[in-house]
Amino acid sequence: MMKTYSPKPEHIERSWYVLDASGQVLGRLASEVATLLRGKHKPIFAPHMDTGDHVVVINADKVELSGNKAQDKFAYRHSGYPGGITGIRYADLLATRPVAAVEKAVRGMLPKNRLGRQQIKKLHVVAGAEHPHAAQMPVELAVGQRPAWSGLPAAKPAPAVRSRTETTAPPSREREDAAASEGRSTTAKERPARSAGPKSSAKKRAAVKPAAKEQPAATSGAKRSTASKTSAKKTSAKKPTAKKPAAKKTTAKKSAAKKPAKTEE
């Protein structure tokens, strides 16, 4: 079972080619240019992707037409208003605007969508024999010749992953290494400043730890004191209940003292 290959953006490489239009028929030239622009000469061609290359057409003013098309064929354009259509013979178009004639022929052989509008941007037509794209080092091709395909580009190496020790190394160590490489030693003033950071942080941690441990003891002592206070309040509240029988005794004594007074009368 073979899987259908779909080109990826990293598999697409753009090359530059030069085609000489002198003595070539306009239609045949346009079909060859459209093939290179679409990328149909590559095994990785896909109709939904732009896999083509850049094409530079030189000597566009020397292109030819077969038969009587130079006099019989017209290039039309419309302004968008009613009755705004205008036409020009191809003989006059090639004499005045040869670049537009080649671009119009190639544009008609590309897809009529956003993909075609993207592909036509890779076409560079020049009326003369010199072109301003020498920096791209284009390769000369004859009309009908297919460029050799070198295969998919080599995969890029993965970036090196730095170890944790390298990423977390203190800046002081890097400075010492740089100083050692330069052949000079670090001064005594710089060394304490570097080591003061970790020691001071260690002292702070040691000072914070016992304070955190003492907090539970203080809270337990506070709880005990509050518990003793509540117990003391409970005992003090029970004292009036013990005095109630003493009050009854006094009333009994008063009644006993009143009885002899009644008998005397």
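I will talk about the overall make-up of this protein, then about one helix and one arginine.

Please keep in mind that this is a predicted model. The protein has 265 residues, of which 24% are buried, and its secondary structure comes to eight helices and six strands. If we read along the sequence, these elements follow the pattern β-α-β-α-β-β-α-α-α-β-β-α-α-α. When we take the contacts with a separation of 6 or more, 68% of them join residues that are 24 or more positions apart. The accessible surface comes to about 19900 Å², and carbon and sulfur atoms account for 56% of that area.

Let us now turn to helix α4, which covers residues 98-107 and in which Pro-98, Ala-101, Val-102, Ala-105 and Val-106 are buried. Where do these buried residues lie when we look down the axis of α4? They fall within an arc of 125°, so they line one face of the helix. It may help to recall that an α-helix has 3.6 residues a turn, so residues three or four places apart point the same way. As for their partners, the buried residues of α4 pack against helix α1 (26-38), against α3 (90-96) and against strand β5 (123-125).

That brings me to Arg-38, which is found in helix α1. Arg-38 is buried and yet has no salt bridge. A salt bridge would need a side-chain nitrogen of the arginine within 4 Å of a carboxyl oxygen, whereas the nearest side chain of opposite charge, that of Asp-50, is 8.0 Å away from Arg-38. What does Arg-38 touch, not counting residues up to four places away in sequence? Its contacts are Phe-45, Pro-47, Thr-51, Gly-52, Leu-110, Pro-111 and Gln-119.

Methods: Residues are numbered from 1 along each chain as its sequence is written. This is a predicted model: local features need pLDDT of at least 70, side-chain atom pairs count only at pLDDT 80 or more; totals for chains, interfaces and linings use all residues. Side-chain values use heavy atoms; hydrogens and water are left out. Buried means under 20% relative accessible area, exposed over 50%, partly exposed in between (1.4 Å probe, protein chains only). Helices (H or I, at least four residues) and strands (E, at least two) are DSSP runs, numbered from the N terminus. The arc is that of the directions from the helix axis to the C-beta atoms. Contact means heavy atoms within 4.5 Å. Lys and Arg count as positive and Asp and Glu as negative; His and the chain ends are not counted. Accessible areas come from the Shrake-Rupley method with a 1.4 Å probe; for residues, only the protein chains shown count as cover.
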